[in-house]
2 protein chains.
Amino acid sequence: MTDLPSFDDVVAAARRLHGQAHRTPALSSRTANAQLGAEVFFKCESLQRMGAFKFRGAYNALAQFDAAQRKAGVVAFSSGNHAQALALAGRLLSIAATIVMPRDAPPAKLAATRGYGATVRLYDRYTEDREQISRELAQQQGMTLIPPYDHPHVIAGQGTAALELLEDVGELDALFVPLGGGGLLAGTLLAARALSPRCRVYGVEPEAGNDGQRSLRSGSIVHIPTPDTLADGAQTQHLGQITFAIIRREVADILTASDADLVQALRFFAERMKLVVEPTGCLGLAAARRELERLGLQGRRIGIIVSGGNVDLARFASLLAR
Amino acid sequence: MTDLPSFDDVVAAARRLHGQAHRTPALSSRTANAQLGAEVFFKCESLQRMGAFKFRGAYNALAQFDAAQRKAGVVAFSSGNHAQALALAGRLLSIAATIVMPRDAPPAKLAATRGYGATVRLYDRYTEDREQISRELAQQQGMTLIPPYDHPHVIAGQGTAALELLEDVGELDALFVPLGGGGLLAGTLLAARALSPRCRVYGVEPEAGNDGQRSLRSGSIVHIPTPDTLADGAQTQHLGQITFAIIRREVADILTASDADLVQALRFFAERMKLVVEPTGCLGLAAARRELERLGLQGRRIGIIVSGGNVDLARFASLLAR
């Protein structure tokens with residue numbers, strides 16, 4: 001297997017991202033502190049460029065392309081934030097990006113990806129295999145395939161969010177991190193081990209898609225069907241080889257949150273913190289609200305990574321109105 | 001008339017507010033820059049404690065109470081952000097706050113004000129005069145009446161938002177500031193004159209309530225009936241004596257924004273910047289989008305003060321869904 005990325009890689013990523021990514025604010029709320037019975041710091045990656053932490057990993061990966069890779073371009077398959085992140089990073093670095101997306105993807109997502117300057121290669125979900133199409137593009141045209149999470153440069157880039165948080169607010173007793181494929185969680189673990197060694201880092205995944213929790217318990221990567229959850233950024237079917245290797249070594253535990261808890265957290269963010277957060281971005285707060293006491297973390301210093309804010313306005317409005 | 005507050009008063013207010021008010025982030029958005037054709041910095045007072053800049057002025061006023069005033073408490077009439085701001089500042093400084101509110105105020109606002117520990121004195125809008133009730137409470141019980149904008153300590157406190165913005169991003173070519181009674185605009189003028197002398201500061205009020213614009217043109221304070229506008233934080237009927245004296249001396253101009261433009265700006269904040277902003281907080285962006293070219297400000301450095309985020313979730317959802 002590839003060498004695992006290290007904290008030094010996160011530091012190098014932070015240097016590459018300087019002036020390119022926003023240094024997002026770490027916000028606090030007395031109401032949140034009172035409700036949770038802890039001192040809570042929210043790292044607001046919803047306020048990151050293109051609306052999610054994914055920009056960090058994508059940019060860090062593309063910034064390390066050599067001349068031949070730059071010329072041939074990058075390819076990825078994603079209908080979510082990774083697509084827009086690679087498209088934007090490609091534009092900034094003058095690297096052509098091709099994104100393989102389903103023909104029936106929401107028109108807004110297709111338009112957003114094209115708006116960042118990427119070429120969209122449509123495929124039919126029912127008759128074609130997006131991984132195969134991507135690999136063919138990579139082989140035939142020399143493009144570099146950048147996967148959404150299981151890549152050392154992507155993981156190192158995602159770790160810069162926790163790096164900034166810990167630099168800004170100091171050591172923490174615990175961190176709650178949304179978990180899909182594990183890029184953000186693995187990167188966070190690298191940053192936390194170095195900057196706040198006693199910090200317990202928890203991954204949080206949707207209750208309906210607890211493959212990460214089951215993988216941790218069983219010791220090997222569990223595959224599941226695409227889970228039915230509001231958290232569309234965490235609908236992954238399995239962890240990656242690299243992300244799982246880091247996670248199993250260092251994570252305190254993997255928790256879950258129900259869709260109902262996600263909606264409650266989403267409403268809290270909107271009503272009390274004036275933030276638009278996508279359901280996946282609510283995983284950390286949702287779990288913290290339910291589990292803090294059980295975990296013996298009351299009265300402690302807690303970080304919550306708010307991973308993104310990319311939610312369609314009509315959908316957001318309907319979740320608020322529930 | 002009272003001596004007008006000065007920049008020194010704003011600096012003193014910033015010292016008092018240190019560690020009490022949030023130093024709110026100055027956010028930028030490449031999409032906003034591209035749409036406006038300028039470099040734009042948003043001072044996000046929607047992320048301030050209790051959700052609006054009003055906390056700054058209220059706290060600055062209460063922090064200067066003498067022993068007798070502290071003992072007797074503070075009284076105010078407001079059904080909006082000023083009520084919650086005074087209630088919260090009173091709680092933090094252990095000063096009893098009484099807020100005179102209409103009996104038919106939204107239950108959520110009554111609950112929020114009580115939630116911050118204030119006593120609510122209800123009155124009947126149709127048969128009672130809230131100013132008279134407040135004055136009686138002040139006279140009979142020795143309470144100090146703190147008006148929502150026309151008070152030197154309130155104005156100086158509100159000026160700390162622009163002070164922070166200019167400290168954080170450096171000098172600006174123009175600033176767009178929501179205008180109701182003029183506390184925020186007057187305070188901003190004091191800060192901008194000292195820290196960015198060439199900065200043109202524009203007040204922005206609702207099109208349906210352009211009393212400020214008419215006052216500036218005519219040279220004396222114009223009174224209007226309560227205007228019918230989405231911007232409920234700027235439904236004031238007239239500027240104050242002190243705020244008008246500062247505004248007429250220094251403002252570049254007073255602009256207006258229609259309700260339709262406010263809704264467009266509100267949607268932009270939610271969709272592209274992931275922020276929940278109340279309609280009044282959208283005044284600056286709404287005017288900048290329409291007027292920047294006419295004002296010769298394209299390509300320049302622009303500040304926009306986003307005054308607050310206190311909008312009922314159901315109302316917010318319905319504005320998003322329009």
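In this predicted model, the buried residues of helix α1 of chain B pack against three helices of that chain: α3 (54–62), α8 (152–169) and α9 (183–195). The briefing first describes that helix and then turns to the overall form and surface of chain A.

**Helix α1 of chain B**

- Helix α1(B) spans residues 7–17, and its buried residues are B:V10, B:A12, B:A13 and B:L17.
- These residues lie on the same side of α1(B), because they cover an arc of only 165° around the axis.
- B:D8 and B:R15 are exposed on the other side of α1(B).
- Just after the helix, B:G19 adopts a positive phi of about 85°.

**Fold and dimensions of chain A**

- Chain A contains 14 helices and ten strands.
- The radius of gyration of chain A is 18 Å, which agrees with the value near 20 Å that a compact globule of 322 residues would have.
- Along the principal axes, the C-alpha atoms of chain A fill a box of roughly 55 × 45 × 40 Å.
- Where contacts in chain A link residues at least 6 apart in sequence, 74% of them join residues at least 24 apart.

**Burial, surface and charge of chain A**

- Buried residues make up 61% of the 322 residues of chain A.
- The area exposed by chain A is about 12,400 Å², of which carbon and sulfur atoms supply 45%.
- Chain A carries 35 positive and 32 negative side chains; the centres of these two sets are 4 Å apart.

Technical notes
Residues numbered from 1 in each chain as written. Chains lettered and ligands numbered in written order. Predicted model: local features only at pLDDT ≥ 70, side-chain atom pairs only at ≥ 80, totals over all residues. Heavy atoms only, no water. Helix = DSSP H or I, 4+ residues; strand = E, 2+ residues; numbered from the N terminus. Rg over C-alpha atoms; globule rule 2.2 N^0.38 Å. Buried < 20%, exposed > 50% of the residue type's maximum accessible area, 1.4 Å probe, protein only. Contact = heavy atoms within 4.5 Å. Areas by Shrake-Rupley, 256 points an atom, 1.4 Å probe, with all protein chains shown as cover. Lys, Arg positive; Asp, Glu negative; His and termini not counted. Charge placed at Lys NZ, Arg CZ, Asp CG, Glu CD. Arc of directions from axis to C-beta.
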